[in-house]
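Here are my notes on the model you sent. Please read them with the structure open.

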Amino acid sequence: MPKSIADIRNHAAASLSTDKQQMLEQFLTPMEVAVQAVSLFSESTNPLNILDLGSGSGILSAVTAQHSPSGSTVTAIEQDKQLADLSEAAISQGTDKYEIINESVFDVSIDARFDRVILNPPYKKIKPTYISTDCGQIKVTNLYAAFLVTAIEALAPNGECVAIIPRSWMNGLYFSDLRHFLLEKTSIDAMAVYGSRREHFEDMGILQEIMLLKLSRKTQRKTVTVYQDVSAGTPLIKQDHHDFPIENLVFGKEKIVRIQQQDPRLNQFRTLSENGLWASTGKLVWFRNRDIISEKTTSYPLYWAANQKGLVTVHPVTGTRGQWVSADAENRPILQPAGSFVFVNRFTSKEQHRRIHATYLNNPGLFAADNKLNYIHAGTPRKTVPLQDAVARGLTVWLATTIVDDWYREVSGNTQVNATDLRQLPCPSQDQLAALANLINPTNETDQKTIDETVERFFSWTPRNK
Ligand SMILES: C[S@@+](CC[C@H](N)C(=O)[O-])C[C@H]1O[C@@H](n2cnc3c(N)ncnc32)[C@H](O)[C@@H]1O
């Protein structure tokens, strides 16, 4: 008896060498996730041309072909010869019209003739690369973005694509080109988010949050079907889902895509940038400035994430990198003007309780900040302007609330806090922030409950869980 498509996948997964698996990111899709992905394609009565990019054991194209009318074709492209050879036994169970191309996706010329494109690509970061499309050059910094652009370019008019990818494309500057391209060229039809990839790819040991993204090559549908918390094993159609107008999911010039509906209490606020505030990253890259960083007191204070304590920025602190930069800093573009600012960490770990850690700073002279810190100011991308002191204090309190941290977690599937997302954060006006500063002073020790309750009272909110 021939092995089933699932058995072929499991056999392939078990036989991968660790080195090659890491190098080519061979994290093979389990059968139950493959079935859910394929279920997002529309039914068709006509034979279809199916393309699978980075096809591995062939599971995705084989299942797609099994659910397509007879006479459908499969083109599978896989760089690894061992997997390409192995995939024939799976793909031939879906159709007898197939071609397995053992090459890199980027070395194959692919015509825009496919009715169905399915992919679970490698997710690796790559150095910034530009892909030419008829919408211009798309900058990608990640292999999965490059695969997705290739997939979209391969679609025939009305063709459909389902991709199994991390949810990191939905926010952040690195994926801005991809989001613009995708929204210009396709309709986002459905998004289905898995809580954690570990659970669904358990024999592969992966941690990122992943999702299914269904696109079609036509003008954008009015509504997008969103499955917010998918578990494997149950058909998607039986899982909780809602249709949302596209304009409720895509935000700002950066086209950030957000699937969770924001807490309605935040709807009254404009974004941080609309309120005349700007988030930038610290200007000092330590390994380029090692020669001027000092542990002994010299010309200008240098702030790192380690200087963030409670709601304030403490200086100096011991047991970390040098706390000062010498006068040579004046000849480098790293010094920031005196005044009040809010620092926000750029990195957290999965275990950390909060994503956003904001601290108030009032520095009487010029200073430097490590680029692993974001800082919020009243200027522009090119010019740093200090905040009014009361605004800085009020903003620190605002960023310390639970409602803001929850908002950030929903926007971002990863542990980094990036300036692009911070600029989209709902934020009270500068006058409101200054008034809030009269109620809580970040320089006094305050607990989370007091912060949340003070902000609730200030905006006359009904507490959410009472
Ligand atoms: C995450 S795995 C998924 C495999 C398969 N699509 C699945 O869902 O089980 C990504 C696959 O892409 C292949 N791959 C990596 N880089 C590639 C490239 N440049 N061109 C073609 N295949 C590639 C890997 O060998 C691997 O089989």
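How many residue pairs are in polar contact across the interface of domain 1 and domain 2?

1. The rule finds 4 such pairs across the interface of domain 1 and domain 2, with both residues at pLDDT 80 or more. Bear in mind that this is a predicted model. The count of salt bridges between domain 1 and domain 2 is 0.

2. Now the domain layout. Domain 1 covers 5-261, and domain 2 covers 266-458. Their centres, taken over C-alpha atoms, are 38 Å apart.

3. Next, the contacts. From domain 1, 13 residues touch 12 residues of domain 2. An interface's size is often given as the accessible area lost when the parts come together. Here domain 1 and domain 2 bury about 1100 Å² between them. Carbon and sulfur atoms carry 47% of that area. On the domain 1 side, Arg167, Asn171 and Arg258 lose the most area to domain 2. Together these three residues make up 38% of what domain 1 buries.

4. Then the sheet. It is open, has 9 strands and shows mixed pairing. The strand order is S3-S2-S1-S4-S7-S9-S8-S10-S11. Strand S3 (98-101) and strand S11 (242-245) form the edges, and each pairs on one side only. From one strand to the next, the twist averages 15°.

5. One strand pair to look at is S1 with S2. Strand S1 (residues 49-53) and strand S2 (residues 73-77) run parallel. They are joined by 5 bridges. Leucine 51 stands opposite threonine 75 in S2.

Key. Residues numbered from 1 in each chain as written. Predicted model: local features only at pLDDT ≥ 70, side-chain atom pairs only at ≥ 80, totals over all residues. Heavy atoms only, no water. Pairing = 2+ DSSP bridges. Helix = DSSP H or I, 4+ residues; strand = E, 2+ residues; numbered from the N terminus. Axes fitted to C-alpha atoms, helices over the stretch in contact; angles between N-to-C directions. Domains from an automatic or database assignment. Contact = heavy atoms within 4.5 Å. Buried area = accessible area lost by both parts, 1.4 Å probe. Salt bridge = Lys/Arg side-chain N within 4 Å of Asp/Glu carboxyl O. Polar contact = N/O pair within 3.5 Å; in protein donor to acceptor, adjacent residues only side chain to side chain.
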